[in-house]
Amino acid sequence: MIERLRQILIKEFIHLFRDRHARFSLIVPPLLQMLIFGYAASYEVNHVSTAVLDFDHSPESREFLERFSASRRFQVRELLQNEAQIPSLLDHRRVALVLQIQPGFAELLRKGQTAPVQVVLDGSDSNSALIAVGYINQIATRFAQDYQLQLADRLRPALATFAPNIELQERPWYNANLESRWFFVPGVIGTLVLVSVMTLTAFAVVREREIGTLEQLMVTPISPAELIVGKTLPFLLVGLANVIVVAIAGTLWFQVPFRGSVFVLLLGTILFLASALGVGLLISTICSTQQQAFSLSFFYITPAIMLSGFGYPIASMPTALQWFTNLDALRFYLVVLRGTFIKGIGLEVLWPQMVAMTVLGAATLTLATLCFHKTLD
Amino acid sequence: MNLRRLLAISRKEVFQVVRDSRSLLIVLLMPLMLMTTLGYGVNLDARHIRVFAFDREGSQASQDLLKRFQSSAYFDLVAIVTDYRALAAALDDGRCQLAIVIPYDFSARLHDGRPANIQALVDGSDNNTAQLAIGYAQGVLASYGAAVQAEYLRKSNAPTVNPVLSVEARTWFNEDLESKNFIVPGVAAIVMAVVGVLLTSLTVAREWERGTMEQLISTPVTSLEIIIGKLLPYFALGMFDTAVCAAIAVWWFQVPFRGSLIALTVGSGIYLIAILGLGFWISVATKHQLAASQIGLVTAFLPSFLLSGFTFPIDQMPVGVQPFTYLIAARYYIVILKSVFLRGSSLGFLAGPLIALVIYAAIMVFLAKQSFHKSLA
């Protein structure tokens with residue numbers, strides 16, 4: 001039995017490495033994915049292009065607007081003269097927001113009343129717009145506070161000396177400079193290993209069926225179980241190799257740290273690959289052409305990535321969808337990846353994720369084996 | 001070019017698509033699946049950020065501050081702990097995303113006017129949520145600080161006033177800053193990238209793999225007739241999917257539709273031609289289904305997701321990456337989609353991206369034809 005298994009494994013490996021296209025798709029797409037994600041994926045909001053329309057022309061309004069020019073979050077590109085200029089600026093996406101100060105701004109401040117600051121913003125990128133509004137609010141609150149103190153100090157010096165003074169000292173743990181790459185590079189390892197292992201597995205069996213060689217295999221003394229192990233084991237190894245190559249590339253090229261233990265990462269990878277192989281195998285038993293296999297893989301991969309917390313926080317999803325994410329092995333694998341790379345935590349923290357992936361892996365593999373038996377009969 | 005021969009090829013392709021009912025079903029369900037996962041799953045705004053607090057003072061002032069965190073919609077004050085170790089453990093296993101530490105001499109410092117610094121330990125392994133959390137925490141602290149300062153000035157009978165700045169934000173194009181309005185219009189570009197590049201390249205590559213392409217070539221059909229004939233049914237499918245996407249966006253997700261239907265149709269048609277040409281080119285270049293699907297994934301699906309401005313704003317990408325986005329057809333199409341849905345721009349405004357797409361499509365069809373000629377020789 002071991003001998004038969006060995007033969008099947010050898011056959012699969014020869015297949016995999018003799019084929020120029022398969023070799024190509026093992027190496028190039030994963031590395032390209034890592035490069036694209038490492039460079040392009042970022043939710044940071046800096047240098048928001050801003051236009052300014054100051055009708056007040058007072059020292060106060062100038063000082064207020066000065067704070068925007070000084071902030072790295074905003075970049076004041078245009079000084080406007082009238083409101084009529086606003087629509088075309090926003091329509092042509094030359095600026096994302098316009099700050100507008102009405103006449104009487106300073107007057108209201110001096111009297112201690114509410115002075116409005118009008119902001120017109122382009123909401124078509126709602127994420128950036130929301131973050132920008134947050135920054136504007138902060139600058140405005142801080143400005144009003146400082147202004148009040150200045151006013152009081154001018155009338156009664158020394159008052160400012162004892163004025164309460166609170167600051168937030170933020171200390172990001174694990175990722176001191178809050179770099180997007182540190183978030184996305186470990187995550188992309190999970191998505192690309194899912195994509196490559198699942199499609200390779202799904203294609204492998206379907207291809208043999210399409211060409212007709214699956215029937216040839218079935219007339220040999222190889223048992224279905226041996227066939228499944230022989231078909232999946234090479235891809236498990238390919239997946240592991242993929243993870244190692246991309247992890248090394250990511251740490252060397254993007255300088256993402258690796259703080260945990262390699263053992264925990266590999267254990268998590270194997271458990272995760274079990275479910276990826278299971279789903280791939282399941283797809284290959286259902287489909288009769290490679291095109292079907294591909295479309296069906298795609299049908300699984302897209303929600304699996306979207307709902308995994310790869311780029312979009314799970315906590316912000318509707319409750320029903322959040323529950324659904326528990327069926328997604330990638331969700332747990334991403335916790336393991338980010339935990340071992342960035343946080344440096346071990347099994348004492350990550351065991352629930354490992355258990356979850358074991359359960360999901362066992363379930364999909366069992367299901368796939370049962371279906372596979374049926375299609376062979 | 002002979003219309004009868006062209007239609008014959010198309011008819012054959014239509015038969016192939018219709019007979020493969022599973023693939024057809026998948027293609028028809030694709031917009032629905034992508035729309036629901038992306039429309040519901042993508043919400044970048046962080047709500048209910050899990051907060052742990054370590055209150056080293058336990059005074060009235062520190063409790064007032066914590067109450068402000070509790071009442072904020074952005075934070076869930078999960079637990080108040082009594083030592084650093086509990087904070088560290090909670091950050092490690094993800095039970096807390098933000099930890100607030102109030103110093104033991106908080107109220108004394110407030111009273112003396114010495115800086116009273118609140119520490120915020122944030123989980124930087126998810127840098128986007130971390131950044132939002134810091135911003136919101138600064139907002140909470142700023143409003144608390146303003147209240148404390150006003151109280152202090154009032155108590156010391158300072159001859160001052162209490163000015164307030166109110167930020168009045170008017171959002172254009174997406175008035176309630178909803179994530180879905182930002183995401184859903186762009187989904188059509190992703191669906192078309194899948195249908196256009198991936199499925200086309202697979203069908204054409206299959207003909208090469210099976211050798212039926214050679215049979216086709218030995219008939220009197222010209223290469224352009226083969227290209228157009230094979231792509232015509234997929235063009236119809238792609239346009240149908242776009243219509244489904246638009247219908248779901250407008251009637252299910254209630255995304256406003258402000259532009260012209262003509263602009264949407266024309267833009268979609270040209271984009272589809274570009275992307276079908278790309279798919280054909282890939283399949284002729286590889287003649288192999290697995291390789292075609294992998295290259296399609298890397299050149300069409302991922303870039304239209306990541307480099308097109310679909311979720312990640314292009315102007316926030318590194319300057320070195322930005323030029324590459326011009327090579328992505330989806331970049332122009334996303335501008336058209338967002339304009340047609342949210343901005344309501346007329347055809348004239350869209351001239352730029354439309355012309356870019358026409359050029360793109362011309363180049364793709366030319367490349368497809370060239371490489372087809374070569375592989376015949």
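Trainee: What is the radius of gyration of chain B, set against that of a compact globule of 377 residues?

Mentor: Chain B has 29 Å, whereas a compact globule of 377 residues would come near 21 Å. The radius is taken over C-alpha atoms, and the globule rule is 2.2 Å times the number of residues to the power 0.38. Keep in mind that this is a predicted model, in which local features need pLDDT of at least 70 and side-chain atom pairs count only at pLDDT 80 or more, while totals for chains, interfaces and linings use all residues. Residues are numbered from 1 along each chain as its sequence is written, and chains are lettered from A and ligands numbered from 1 in the order in which they are written.

Trainee: Where do the domains of chain B lie in the sequence, and how far apart are their C-alpha centres?

Mentor: Domain 1 takes in 3–42 + 178–376 and domain 2 takes in 49–155, with bounds from an automatic or database domain assignment. Their C-alpha centres are 49 Å apart. Along its principal axes, the C-alpha trace of chain B spans about 95 × 45 × 40 Å.

Trainee: Now chain A. How many helices and strands does chain A have?

Mentor: Chain A has 14 helices and 5 strands; these are DSSP runs (H or I, at least four residues, for helices; E, at least two, for strands), numbered from the N terminus. Its radius of gyration is 29 Å, well over the 21 Å of the globule rule for 377 residues, so chain A is more spread out than a compact globule.

Trainee: What makes the length of helix 7 of chain A agree with expectation?

Mentor: The expected span is 1.5 Å times one less than the number of residues. For the 32 residues of helix 7 (residues 180–211) of chain A that gives 46 Å, and the end C-alpha atoms are 45 Å apart, which agrees.

Trainee: Why is helix 7 of chain A called largely enclosed by the rest of the structure?

Mentor: A residue is buried if 20 or more other C-beta atoms lie within 10 Å of its own, exposed if 12 or fewer, and partly exposed in between, with C-beta atoms placed from the backbone. In helix 7 of chain A, 28 of the 32 residues are buried, so the name is fair.

Trainee: How many residues are in contact between chain A and chain B?

Mentor: 110 residues of chain A touch 111 residues of chain B, contact being C-beta atoms, placed from the backbone, within 7 Å. Helix 6 (residues 126–155) of chain A gives the most to chain A's side, with 24 residues.

Note on methods. Two residues are in contact if their C-beta atoms, placed from the backbone, lie within 7 Å.
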